Structure formats: C-alpha cells, structure tokens
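Here are a few exercises to help you find your way around a new structure. Have a look at it first, then try each task before you read the solution.

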Amino acid sequence: MLDLNIQGTFTFELVSPERKLISGAAKMVTIPGEEGDFGVLPGHSALVATIRPGVVEIIMADGVSQRIFIAGGFADVSPTNCTVLAEEAVNVNDFNAGDLEQTIRNLTEDMTMAKDDFEKARIARKLTLTRAKLQGVTGKISA
Amino acid sequence: MPTLKEYRNRIVSVKSTKKITSAMKMVAASKLKKAQEQAEASQPYAAAMNDMMRRVAANVVVGPHSPNLLVGTGSDKKHLLVMVTSDRGLAGGFNANIIRRARLEIRKLIAEGKDVKVICVGRKGRDVLKRELGDKIIESFIGIGAKGKVNFADADLVSQLVLEQFNAGHFDVCTLIYNEFRSVLAQRPVAAQIIPFTLPEVAAVNENKPPEKPEVKSPYSFEPEEDIILGQLLPRNLGIQIFRALLDSAAGEQAARMTAMDNATRNAGDMINKLSVQYNRARQAYITKELIEIISGAEAAKG
C-alpha cells in the first residue's frame, strides 16, 4: 500500500507546447478540472483529467505558492507525480483586470459582427477564455 | 579578352557576394541554434502527451462510436495535404524537395481518382503550387516563424483550420508533408498521415492490469470518461503534431540555408582565386607588351 504521507512532496510539472514552465517538488496543487476543482497531495490515486480554463494553484516544497492561469489542458496524476499539460499558461500576477475587461468588450462587439458560425464559435472560445482569466485575477473562482 | 579593369571589377563583385553569403551562413547558424533549442524545449510536452494518449488508448475500445479523428470517416475519397515549406529561399534544395514530394503525392492521388485539397504553409511552396495547381489550394499561411520563433498559436491556427474542414466533411484523410530534421546536414521530406490518427502501441500498458477487476484495464481513473478525454486529446494531439512539424521545418530551413551558404562562400572563394590568376596573367601580358613596344621603339629610333 502507498504511504500516504501528507507532509511529503511529489514532483510537479507544468509544460506548455513551447517549453517546460515549472518543474519541481510541490506540497499541494489545486487544479480546475472539467468536472470540478480537485486538489492533489502526495499519494493521490492515479488519475487522468481534463482541465477547464482557470487557475492552478501550486504550493511548492518551500511553501511558496504560485497561481498560474491556464487556458485548459490535461492533468496526469500519479501517487508521486503530477503533470499538467497546458496550452497557454500565464502567471496570474501578469494580468491586468482593466485590459481583460477591455478585451471582453471588444470580443462581445466582434461577436455581433461575426459573419458565420465558425467565426462565432472562434470568438465565443476566446470570450470564455478571457472571462476565465478575469475570474482568476479578481479572485472570484466559480465552479 | 577582358581588360584589366573588367577583371578588377569582377573580383570586387565576387568578393562582396562572398561577404554576403558568409554573413548569411553565420546568421543561419545562430538561428539554427535557436530553432534547435526550441525543438528541444517542446519535447517534454510531446512526451507527456504521448504518455497520456497511450494510457487513455489502453482503456478505450475502438469502435464505430469512437471519434472520427481516430477511426476516420469510413471513406478515403477526399484528401487534404498540409505542405510545410519556408517563406524564404536561398536554402538549397530545402523547398524544392518538399514541393517535388507534394507534387508527386498530388499527382498520385488524382490519378487514383481522389479529390485533393492543399493547405500551404510557407510562401515558397504556395508560389510554386499556385502556378500549376492553384485550384487545389484552399488556404495558405505565410509568415509563420518570421520572428525567428514558431509559436504554438501559429500551429494552432493551422490545426483549427484542419479541424474545421474535417468537421465540415471536406476531407477524409489528412497528410502532413514537411522536412524532417535529421541532422544539420540531412533534412528528409516526409509525409505523415495525421487524420485518421494511429494510436500508439498499447501492449506494454495492458500487462500491469489488476487481475481482481477484469473490466478495469489500468489502475487509472479518468475524469471525465476516457472516451471524452480521448475526444479532447485527439484535436490537441493534432495541434502538437503540426507544431512539431513546423519546428522541424524551421530548424531544417536554417540548417539547409547554412549548408547552402557555406557552399556558396566556398565557391566564391574558388572563383576569386581563379579570377586573380587570370588578372595577374593579363597584367603580365600587358606589361610584356608595353616593354616590347618601348624596346622596339628605341631600336627603331637608334637605327
């Protein structure tokens, strides 16, 4: 049986297609799964999950916590490892709420001018993303 | 016979060409290094994605309900080729090889009575293909990696278009034609089928299945169900494959340009040597001629 030692750490990796963003020992990670947020502690049972756009919170081994926004992706969890595959990852501190609100306004405007369904779907995707970013910044995390 | 001045001019012009080619070689070498680093940096994601695909695939029964990206549309009448070339030339046979390969593929498919469409990535390929097969091109992407870096967003644009076309039923099979980066000296044009997708081998994973519960094939739990995850992984995987092809192509382009420019520099050097010899000979002949004239002039005056 696995040693469910909560005091311990596990290897956490955050990779984007372009590079490895974070790699190191972590105490706990909270992931916004498609079917609800879940926390990962050392000894978590093996799990593969999809991630919705949202904020991943990582508490590294030294107790420093990081909040990273990811635009959806996948999580691969095993008792000793947690790998998050993210398409786009940005530190939440790098966002500016004002800019995001502006982007949302622009996109909503674009939406009314979209010519066909494809374009509409594309804009809708961006809109959901930006809204999720804004949520990450303002701290309101809805399920 | 050219005059001395003409020789001098030619030597000067070859020298400046040599300067340009050797500078281009240097630039290509440094860009190549960056491109290689980038290709390496994308490795962990691709590996993790592959891992996950294998894990999910081990738990999915492929059947008629499986996503079309995996099982295909049940037909292979309509083909889509994604051809990756560079935007700029002067890279030896880099683009010509890809275009030749693509043309071969297109002709073959047409001969088999199939419907072919092409998406061009890179200006060079588009320009050539537009002339002879312009009606087959549905879209071109120019300027990818222009800033010395291929962004995943660029690859995503291409893959979004491919997916849209696929979901709209515009094609059944998609093949990616690009230059594989084998080494600095060798880039090989390859054609890789990306739709329908072939799942990685699952045999190794099935061995460690827990015996007590026969319906569970691996100790992994999936959230949501594996079918749904697979449905989301496949389009992602498509993006990654295109991204990696673009990265390979970008590194290959610089490597090919470096080799081509190295050759050009060497040829220019040879040419300068040859011209210098000719110039010196001509100069000596000229001096000899003048001497003869002076001496014979003096002789005539004496007599």
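The exercises below work on a predicted model, and each one comes with a worked solution.

**Exercise 1.** Work out how many residues each chain puts into the contact, and which element of chain A gives the most to the side that touches chain B.

*Solution.*
- Start with the totals: chain A brings 20 residues and chain B brings 23 residues.
- Next, look for elements of chain A that give two or more residues to this side: they are strand 2 (20-33), strand 4 (47-51), strand 7 (73-78) and strand 8 (81-86).
- Strand 4 of chain A gives the most, with four residues.
- Finally, sort the chain A side by class: you get nine nonpolar, five polar and six charged residues.

**Exercise 2.** Find the strand of chain B that is joined to strand 4 of chain A, and say whether the two run parallel or antiparallel.

*Solution.*
- Follow the bridges from strand 4 of chain A: three of them lead to strand 6 (residues 221-223) of chain B.
- These two strands run parallel.
- For a concrete pair, pick A:Leu47, whose bridge partner is B:Ser221.

**Exercise 3.** Describe how helix 1 (residues 97-113) and helix 2 (residues 117-138) of chain A sit against each other.

*Solution.*
- Take the axes: they come within 9 Å and cross at roughly 160°.
- An angle over 145 degrees counts as roughly antiparallel, so that is how helix 1 of chain A lies to helix 2 of chain A.
- The crossing of these two helices is left-handed.
- Now the contacts: residues of helix 1 of chain A including A:Leu100, A:Ile104 and A:Leu107 meet a set in helix 2 of chain A that includes A:Ile123, A:Leu127 and A:Leu134.
- By class, this helix contact has nine nonpolar, three polar and six charged residues.

**Exercise 4.** Lay out the five-stranded sheet of chain B, then find what packs on it.

*Solution.*
- The sheet is open, its strand order is 3-2-1-4-5, and the pairing is mixed.
- Strand 3 (137-141) and strand 5 (187-195) of chain B stand at the edges with a single partner strand each, so one side of each has no neighbour in the sheet.
- From one strand to the next, the twist averages 20°.
- Zoom in on strand 1 (residues 78-84) and strand 2 (residues 115-121) of chain B: they pair in the parallel sense over seven bridges, and B:Val84 stands opposite B:Val121.
- Helix 6 (residues 152-167) of chain B lies across strands 1, 2, 3, 4 and 5 of chain B, at about 175° to strand 1.
- Helix 8 (residues 226-302) of chain B also packs on the sheet, touching strand 1, strand 4 and strand 5 of chain B.

Conventions. Residues numbered from 1 in each chain as written. Chains lettered and ligands numbered in written order. Predicted model: local features only at pLDDT ≥ 70, side-chain atom pairs only at ≥ 80, totals over all residues. Contact = placed C-beta atoms within 7 Å. Nonpolar A, V, L, I, M, F, W, Y, C, P; charged D, E, K, R; others polar. Pairing = 2+ DSSP bridges. Axes fitted to C-alpha atoms, helices over the stretch in contact; angles between N-to-C directions. Parallel < 35°, antiparallel > 145°, perpendicular 65-115°, else oblique. Left-handed = near helix turned anticlockwise from the far one by under 90°.
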